[in-house]
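I opened this entry to record what I looked up, going from the overall fold to single residues and then to the ligand.

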Amino acid sequence: MERTFREQLFLLVLCLSVLKGDARYVENNEISQDDLYTVFNLDLKREMPDIPTELIYRRSLRCLDMIAVEGQFTFTAERPQLNCAAFFMAEPNEVISVEYDHVDIDCSGGDFITVFDGWVMKGEKFPSSLDHALPLFERYVDYCDSGSRKTLRSSQNVAMLFFRIHNTGSSFTVTIRKHINPFPCNVISHSPEGSYTMVIPLQQKNCSFSIIYPVEIKISEFSLGPYLFVCEQRTSPGCADAGDFVELLGGNTIDSSKLLPITDLCMSFTGPTQMKIGCENIVVRMVSSGRFINRVSFSYRLLNSQELQILKLNSIDDFCSTK
Ligand SMILES: *[C@@H]1O[C@H](CO)[C@@H](O)[C@H](O)[C@H]1NC(C)=O
């Protein structure tokens with residue numbers, strides 16, 4: 001088990017719970033009567049525009065940060081900060097926009113702010129290059145090069161910001177918003193338990209749902225076009241020839257193309273498939289030829305430490321233990 005990956009995950013989980021607390025605090029304590037009156041008035045108009053600026057959640061941005069709420073975030077360098085990253089996360093059916101409100105950095109002096117369409121951890125990316133519609137270089141947008149692009153929108157429920165600032169006192173402010181995504185493809189689960197249905201409707205693409213915790217996963221249902229029993233004739237395991245299939249992958253990186261296969265599902269199927277997997281990252285990936293409407297439904301819950309211990313004792317090698 002890679003320690004740093006683990007530590008990063010703990011940080012993310014910790015930050016997420018802290019941020020949820022923050023959001024409640026704002027709701028309970030920081031909205032005045034006047035603000036509420038504004039909200040009611042907006043409701044009467046039956047058209048809810050962007051969050052009115054007087055209601056927006058604001059706080060400072062840290063050099064290493066995790067943000068799961070909408071709001072306005074300001075980074076101010078109190079000393080040179082050369083390796084900073086902020087991770088943004090939304091619900092599975094949302095995408096994230098990052099808007100620059102104010103930027104005072106020294107582009108020519110080597111400062112930068114870069115938005116990445118996805119997450120990068122230890123140099124590995126989610127979604128993997130294989131599963132993202134854009135080529136890798138288009139997923140990085142640098143503030144200093146992009147000039148007029150003030151707002152960037154992610155392709156999935158995660159995005160991040162890298163920044164480097166040399167001069168004390170330099171600062172920038174970004175507004176983070178969430179937008180409904182009617183057809184989510186790649187997703188990082190925002191919690192260690194839940195359920196999800198992935199649908200790829202008549203599109204030639206591959207989608208991954210990534211769970212960055214060891215979990216018990218139960219695939220309750222899936223259908224892959226009209227082909228029943230596509231794989232029945234196959235003698236070797238795996239579904240790679242089937243065109244349309246679902247694979248369950250596991251490992252200790254967020255790049256799904258570097259994970260190892262745990263099981264493949266490639267015939268239409270109804271009934272439970274349940275498994276405990278002791279990996280740091282577990283991915284349900286659907287490969288779709290575009291000829292059918294493909295669907296898979298599953299639910300998952302966090303393994304407790306005793307379950308993890310039992311899995312590890314029973315497994316022969318170090319690769320994530322399964323049962
Ligand atoms: C989807 O994944 C399969 C197998 O992993 C690959 O052969 C195919 O090129 C991918 N399709 C797209 C559109 O990326």
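Before counting anything I fixed the term: a residue is buried if 20 or more other C-beta atoms lie within 10 Å of its own, and exposed if 12 or fewer do. The model is a predicted one, and on that cut-off 31% of the 323 residues of the protein count as buried.

**Overall fold.** I found 5 helices and 21 strands in the protein. I then looked at the contacts with a separation of 6 or more, and residues 24 or more positions apart account for 77% of them.

**Open sheet.** I traced an open sheet of 5 strands, whose order is 13-15-20-17-18 and whose pairing is mixed. Strand 13 (187-188) and strand 18 (260-265) stand at its edges with a single partner strand each, so one side of each is left without a neighbour in the sheet. At the strand 13 edge I followed the pairing with strand 15, which is parallel and runs over 2 bridges; there Val 187 has Phe 209 of strand 15 as its bridge partner.

**Pairings of strand 12.** I looked up two partners of strand 12 (residues 171-180), beginning with strand 3 (residues 71-76), which pairs with it in the antiparallel sense over 6 bridges. Within that pairing, Thr 74 has Thr 173 of strand 12 as its bridge partner. Strand 5 (residues 94-104) also runs antiparallel to strand 12, and 10 bridges join the two; here I noted Glu 99 opposite Thr 175.

**From Glu 99 to Arg 149.** Glu 99 led me to Arg 149, which is 50 residues away along the chain, while the C-alpha atoms of the two are separated by 8.9 Å. I placed Arg 149 in the loop between helix 4 (143-146) and strand 10 (151-153). I record Arg 149 as exposed because 12 other C-beta atoms lie within 10 Å.

**Backbone exceptions.** I kept in mind that most residues other than glycine have a negative phi, and that most peptide bonds are trans. Against that background I noted Lys 122, with a positive phi near 50°, in the loop between strand 7 (119-121) and strand 8. Lys 122 has 12 C-beta neighbours inside 10 Å and therefore counts as exposed. Leu 202 also has a positive phi, near 50°, and is found in the loop between strand 14 (194-201) and strand 15. I entered Leu 202 as exposed too, because it has 12 other C-beta atoms within 10 Å. For the peptide bonds, I noted that the one from Phe 126 to Pro 127 is cis, with omega near -10°. Pro 127 belongs to the loop between strand 8 (124-126) and helix 3 (136-139).

**Ligand shell.** Which residues are around the ligand? I listed Leu 130, Gln 204, Lys 205, Asn 206 and Val 287. Sorted by class, this shell has 2 nonpolar, 2 polar and 1 charged residues. Strand 15 (residues 204-211) gives the most to the shell, with 3 residues. I close on strand 15, since I have now met it in three entries: in the order of the open sheet, after the loop that holds Leu 202, and here around the ligand.

Methods. Residues are numbered from 1 along each chain as its sequence is written. This is a predicted model: local features need pLDDT of at least 70, side-chain atom pairs count only at pLDDT 80 or more; totals for chains, interfaces and linings use all residues. A residue is near a molecule or strand if its C-beta atom, placed from the backbone, lies within 6 Å of it. Helices (H or I, at least four residues) and strands (E, at least two) are DSSP runs, numbered from the N terminus. Ala, Val, Leu, Ile, Met, Phe, Trp, Tyr, Cys and Pro count as nonpolar, Asp, Glu, Lys and Arg as charged, and the others, Gly among them, as polar. Two strands pair if DSSP finds at least two bridges between them. Two residues are in contact if their C-beta atoms, placed from the backbone, lie within 7 Å.
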